[in-house]
Protein chains: 6
Amino acid sequence: MTPTGGANPDLPRLPRGLIDEAVAKALAEDLGLAGDITTDATVKAAATAIAVIAARKDGVVSGLALAEAAFRALDDGITFNPHVRDGAAVMPGTKIASISGSARAILTAERVALNFMGRMSGIATLTRAYVDSVAGTRAVIVDTRKTTPGLRAFEKYAVRCGGGGNHRTGLFDAILIKDNHIVAAGGAAQAVKAARAHAGHMVKVEVEVDTLDQLREVLAHGADAVLLDNMSLDELRQAVAINDGRVLLEASGGVSLDTVRAIAETGVDLISVGALTHSAPVLDLGIDFESAQR
Amino acid sequence: MTPTGGANPDLPRLPRGLIDEAVAKALAEDLGLAGDITTDATVKAAATAIAVIAARKDGVVSGLALAEAAFRALDDGITFNPHVRDGAAVMPGTKIASISGSARAILTAERVALNFMGRMSGIATLTRAYVDSVAGTRAVIVDTRKTTPGLRAFEKYAVRCGGGGNHRTGLFDAILIKDNHIVAAGGAAQAVKAARAHAGHMVKVEVEVDTLDQLREVLAHGADAVLLDNMSLDELRQAVAINDGRVLLEASGGVSLDTVRAIAETGVDLISVGALTHSAPVLDLGIDFESAQR
Amino acid sequence: MTPTGGANPDLPRLPRGLIDEAVAKALAEDLGLAGDITTDATVKAAATAIAVIAARKDGVVSGLALAEAAFRALDDGITFNPHVRDGAAVMPGTKIASISGSARAILTAERVALNFMGRMSGIATLTRAYVDSVAGTRAVIVDTRKTTPGLRAFEKYAVRCGGGGNHRTGLFDAILIKDNHIVAAGGAAQAVKAARAHAGHMVKVEVEVDTLDQLREVLAHGADAVLLDNMSLDELRQAVAINDGRVLLEASGGVSLDTVRAIAETGVDLISVGALTHSAPVLDLGIDFESAQR
Amino acid sequence: MTPTGGANPDLPRLPRGLIDEAVAKALAEDLGLAGDITTDATVKAAATAIAVIAARKDGVVSGLALAEAAFRALDDGITFNPHVRDGAAVMPGTKIASISGSARAILTAERVALNFMGRMSGIATLTRAYVDSVAGTRAVIVDTRKTTPGLRAFEKYAVRCGGGGNHRTGLFDAILIKDNHIVAAGGAAQAVKAARAHAGHMVKVEVEVDTLDQLREVLAHGADAVLLDNMSLDELRQAVAINDGRVLLEASGGVSLDTVRAIAETGVDLISVGALTHSAPVLDLGIDFESAQR
Amino acid sequence: MTPTGGANPDLPRLPRGLIDEAVAKALAEDLGLAGDITTDATVKAAATAIAVIAARKDGVVSGLALAEAAFRALDDGITFNPHVRDGAAVMPGTKIASISGSARAILTAERVALNFMGRMSGIATLTRAYVDSVAGTRAVIVDTRKTTPGLRAFEKYAVRCGGGGNHRTGLFDAILIKDNHIVAAGGAAQAVKAARAHAGHMVKVEVEVDTLDQLREVLAHGADAVLLDNMSLDELRQAVAINDGRVLLEASGGVSLDTVRAIAETGVDLISVGALTHSAPVLDLGIDFESAQR
Amino acid sequence: MTPTGGANPDLPRLPRGLIDEAVAKALAEDLGLAGDITTDATVKAAATAIAVIAARKDGVVSGLALAEAAFRALDDGITFNPHVRDGAAVMPGTKIASISGSARAILTAERVALNFMGRMSGIATLTRAYVDSVAGTRAVIVDTRKTTPGLRAFEKYAVRCGGGGNHRTGLFDAILIKDNHIVAAGGAAQAVKAARAHAGHMVKVEVEVDTLDQLREVLAHGADAVLLDNMSLDELRQAVAINDGRVLLEASGGVSLDTVRAIAETGVDLISVGALTHSAPVLDLGIDFESAQR
């Protein structure tokens, strides 16, 4: 399948294999062995239609490639024409994409397409809200590993659509030393040293600390970044001062839309927000039929 | 793998193959090719630990079998001992399950286990809130097909854990005739007739209507249930009167925790709530290490 | 791949993903690692041919989409042109479809294509014989879960091609309470009550009974259908009288082409026949080469 | 999983991976996302039972390993105890295997287990009938590639259980030159020569001929076997005389239980019978519950 | 996907399903969840390029279809134009294929394409060296089962590209009786007899012997081929004399480019060389960008 | 399956899912549909044996977990007892592991087990040779992405067993800007800037340079590492001086066992060697049967 012409060049390319596998699985889940028995009973095989994916609420779009793949998996004669690109802000009524072709195919794939786009756009929308809240500060809003099982690639992409940044993808591509690791290693210094010795030269090391004393200890041992866990605004400010620009500082824990601005203003480099992926409500999208040929 | 001894006998059994496949995929996503490089660097291979999954907020538990499968996929020497069963109400601090064995295995599987349980428990918790809101009425709270792609079986199970009921699983197991189907079939009567002719004798037929006139037309043609889409409380009350117990009536659209009680009091049989699965925030769960042997 | 233009609009659409997966598996089974070593040795890469799938016996066609997928999986330059549609009656010599393109591709995919179509057409043919036997009665001939592992979707579709109806797809989409369930539940009434309480509102409940007393008990408790297991013609007639149109009555057990007419004439609504899918002989089909260009 | 203790040492071992994959797929097909809703509603989680797979008709058993795998996939606490081995002849009432453990697991896996065993035993039974018909002659009854898509390994194993032999597994492991290959190669001699040149030294070459003249031509060019297609008994006898023991002779086409003895008495080495795998009726097997603990 | 126009008609066709599966897996391994982050950051989405796969060393080409599949999996708008065919000899600088289209797609798939072609061409190149070394003798150079797990089909194809022959594909398609089998069977004669009784009529039987006495024993019992394991040149010559053309003789063990000619001159029919697939160095290939449009 | 007791705690854990999938695929490839027909014919089902994996040459062991998985996939009653751990140096005759249990299972899995271990040990052995060659210098020997498709995780693990380090895993976990990326981005400075802007904060950035001028330009723009491509020893020394410890310097291109020491002595931090994974000959391992019970 050719890449969608309307893809946003500033966003990463989602690997095609991931899209195809996820869409195939979602369709299998919805179609079972018997398929769409309602549409088969009520819509003629030759019927065609033009439909539009439209926003019902304000938000940020994400997941157009998955919607397209869903419709085209039903019938590769479907034309999918995006009117905006992933990352675009939309309002109630904004037409996001047009779909034309077999009416049966459009009706059968509709829910799978919206289930992907609604969730991804919900994440992009919530991310944008956090990003907008810290505008003018140095803080980057980043995601976590608290993603939906099976959908991490799409959810981290959606965070990018909302203007956020990505933390490590998984356990495999960066080191994040947490309290239990420190205890097991016999101290923060030993943990960082072990991490440097074990990991490849292309792997970054971050350490989670709870106190400013721990921060001082860690700074002496060469991490690339430090996660400041559940610190007060005052502690965060002191941490920024202690660090004095040496490593990246990430604030984490208890972040909400109410608190994020104040956290950002302490001067931290990064604020990680689990809610971006674990608690974003869906963006309300719908499909409207503009014309149909029975 | 033996079924968890503590499974709640009033809940459906989740097919083992679905659990194993979902957990394997989630672990693959988090481990990549290189695995958990932080734990490998900092925790000795022989270290053991006892850890506890604990609630940080009030809620309803769901997904114990997936958490167990995640830990045991890392090391089948892990002992997983649930203290409550799926469907149990928990408070901050409630110990949900104990895990003992390889410290590396526990640390590596922790996030995948919590990602499943957090989401499923979030759905169960939100469902319970809706169910409690309609206590004493005849209304059953049911889910929709607005589920996370790839996780429908688990999310519909979580709705059951919260005391809700399941609407159809997918496009394949029941007929739900919506507006576009009615238009394509040439009217509601024709649509119902076509559905009866097409579907097997073990398949139920529901029709979505927007107006009371449509309800009257549909009642004359033998559907098993009618979905009343976005009707006012007054219309719902009239619908209940018009129906007079003939078919099941389902209210849908614009349902929130603020409005659900009033909707239920109109006398409808079912209230479907997309938010149960598309917008439930995660239930905050954590893993605490109670003891460790380095 | 585009849906076959010649698909019969009165039949359900088989989910594309199921077709592709089944055909890929069948080809993998036949090609192994080394492929078609006979054709590679004896037929030039550039050779083309026109071949015809033809009936060798009377029967009913089913499975054209799988045959097409098999040929096109070998070479997507193949043109597959059906002359009849699934569900069509054919005689010895009837040309069912033409295939033109790479001679190697046609020869290599031939057996897989015929293995699918032969089995599915065999089921359709046997189903048609049963359906014709009960013409003029109210009885619908339906299938069972006694299908070939891995091919249930295709076999239930083939039953439709033969004019039969589908019973439930699997254990998941309808309730069928059998003797062991009744014993376990503590009686038929308790079993029906438990089923209603457990299953969603879109799920139908059928109960299997062996005696007329059991039928009377079950009718009092609200099943949607009753399966009359291995009853004599006289018992069936009494059952129809007792039921008096309240629920659907299904006759099952010991049904053959010799007995089915008499069973239908008792007035039952449905007759289920395991043999449709577990013992249908293949329909004899062949592929004839009409022209070849070496 | 340990190999079944009762496996017949004279039969090939079925690769474990094939069994597990086929059983998993069959269970997935029958359980869908919601599982066995009837059993969940009516049978207590703690209930146990002892059940017996019993023959309802005379026949030959095949597929015990698949039945065991089906039950144990539901609950690995199930004990599966075979009373006979694959290849055993059974009569109505013969107890084939006992299953004890979770009543829910036994009820849920029952149909999948029987669907495998019934089909495989049906093939073994029909094969045994052919084998018995040619007793005392030199002819071996062999199968073809006319197998059920996805189940070839099991069906060819079932033929062995019935006392038959296996022809090539697929297109990849032996050469069988048919009419179209001969035409494409420019003659039988050229085809055999090309086959020898193309195939590895461990690959046998068989050629299909329609006439005795073709047989003579082929014998001059070094095939390992010759398939005599649709020849009369008289032609077969002449072919045996012409061949004079040089290569293996296989009779094929129009073989039935009525004709097979006469064909065998012509002196051919092999008789291939497509019906063994494409048209064998199921062997009627059932599961009886001997005791249950609610 | 259409078969590559430039495929060499004298080589076997690799099953399409194997190619697609292997390429998809290799791309998944290289792209993970986040894709090619370097190219996404530095190359514009609209950029196009023309690139050439070129040889850096002398060798024999193999694997063009896998390279093509890799590029086209990234973007099916890519044009892949082979200048030579599998099996062609190349020199440093020989242009093997041109690729034109999306610059991002070419850069992202480059390493996967080269990883396949480099390995396969390395095997073809080493095979050609052995084949050339025995030119003029009767000996055929053949491979073994010492292949890379997961890539056997491609490696055995690469041996063919180098002019070698294939030994059996796996454990399933031919019998090779080794020392442990002989001991277990109670002697070589018993082993051969058991093999003939167990295997189908289309399966060849080879026996491995260490001594000339064993050879004499085996010749008396009807094997199709004999593997002479680690024999001296003198023993090999005697073996050829003893055999006197009755069965195929295969020399194996301790074969190198230094020794293979002398082994061939003993008169054996086949020389098997594990190194062809287990120790062939990669053929050095590179991709040069000829033009680019940013 | 429980992790092997003898695993080397200084090496990373290979994800269990990757091992199981690779072993299952390799066995499927070798067993096909018919399984190990030689062993089935010649070895009794009840026969047991004790066998030993032994080294035939000097080398470094890698892949014990895959060998164990292969044997146990055939029969989980097999006992696999490693005598050394991955990373151990062995000599001809060193006993690496003992296997006891079903003789059939041992014979059938033998080749798959050795194919994995031979390749992985070959890579570990070659890596150790490079590592030993640079002993006493600061240089770390690292791998590349020139790995066997489908086996990257195992090959990178084998490099670790040999004492080498891992470069990035794939395109997804680190940025490596090569010449074409620089051209596309409009210069090295722009490329680094784009990379920093695009990649997450946990991702390292390396740039490939051909000249010392390019090195100076890149150093001014903040890469984490610089790859010095195909530079002379003199250039490498100058590069080390220019860099003065600011970033990691990696030498690449034209590295062999003859040249690696001199390269290391220039003071570079890393030397990457494609040959570790693309051209390592197999380590010669064998399986000896120590006792057998027929």
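Let me start at the interface of chain E and chain F, where 34 residue pairs are found in polar contact, with both partners at pLDDT 80 or more. I should say at once that what we are looking at is a predicted model, and that I will go through two interfaces in turn, both of them involving chain F.

Staying with chain E and chain F, the elements of chain E that each supply at least two residues to the side touching chain F are helix 1 (16–31), helix 2 (37–42), helix 4 (103–133), helix 5 (152–161), strand 7 (175–177), helix 6 (179–185), helix 7 (188–198) and helix 11 (275–278). Sorted by class, that side of chain E is made up of 27 nonpolar, 18 polar and 15 charged residues.

As for the charged partners, six salt bridges are counted between chain E and chain F, and one of them joins F:Asp30 to E:Arg145, whose closest N and O atoms are 2.6 Å apart.

How many residues take part on each side? On the side of chain E there are 60 residues in contact, and they meet 60 residues of chain F. The size of an interface is often given as the accessible area lost when the parts come together. For chain E and chain F the buried area comes to about 5,100 Å², with 58% of it on carbon and sulfur atoms. Within chain E, the residues that lose the most area to chain F are E:Glu29, E:Pro149 and E:Leu171, which together account for 13% of what that side buries.

Now to how these two chains are arranged. Chain E can be laid on chain F by a turn of 180° with a shift of 0.0 Å along the axis, and the RMSD is then 0.0 Å. The two copies are therefore related as by a two-fold rotation axis. The same surface serves both copies, in that 100% of the contact residues of chain E recur in chain F.

Let me turn to the second interface, between chain A and chain F. Here, too, a turn of 180° and a shift of 0.0 Å along the axis lay chain A on chain F with an RMSD of 0.0 Å. Which C-alpha of chain A is nearest the axis? That is the one of A:Asp173, 2.8 Å from the axis. Of the interface residues of chain A, 100% are also interface residues in chain F, so these copies meet through the same surface.

In this pair, 23 residues of chain A are in contact with 23 residues of chain F, and the two chains bury about 1,700 Å² between them, 62% of it on carbon and sulfur atoms. The residues of chain A that lose the most area to chain F are A:His201, A:Met202 and A:Lys204, together 46% of what that side buries.

Between chain A and chain F the count of salt bridges is zero, while four residue pairs are found in polar contact, again with both at pLDDT 80 or more. Two or more residues each come from helix 7 (188–198), strand 8 (205–209) and strand 10 (248–252) of chain A, and the side of chain A that touches chain F divides into 10 nonpolar, five polar and eight charged residues.

Finally, a word on aromatic rings, of which the structure holds 15 pairs over all chains. One of these is the edge-to-face pair of A:Phe116 and A:Phe154, 6.3 Å centre to centre and with 75° between the planes. This pair links distant parts of chain A, since A:Phe116 lies in helix 4 and A:Phe154 in helix 5, 38 residues apart.

Definitions and conventions:
Residues numbered from 1 in each chain as written. Chains lettered and ligands numbered in written order. Predicted model: local features only at pLDDT ≥ 70, side-chain atom pairs only at ≥ 80, totals over all residues. Heavy atoms only, no water. Least-squares fit on C-alpha atoms with pLDDT ≥ 70 in both. Contact = heavy atoms within 4.5 Å. Buried area = accessible area lost by both parts, 1.4 Å probe. Salt bridge = Lys/Arg side-chain N within 4 Å of Asp/Glu carboxyl O. Polar contact = N/O pair within 3.5 Å; in protein donor to acceptor, adjacent residues only side chain to side chain. Helix = DSSP H or I, 4+ residues; strand = E, 2+ residues; numbered from the N terminus. Nonpolar A, V, L, I, M, F, W, Y, C, P; charged D, E, K, R; others polar. Phe/Tyr/Trp six-rings, centres within 6.5 Å; stacked < 30°, edge-to-face > 60°.
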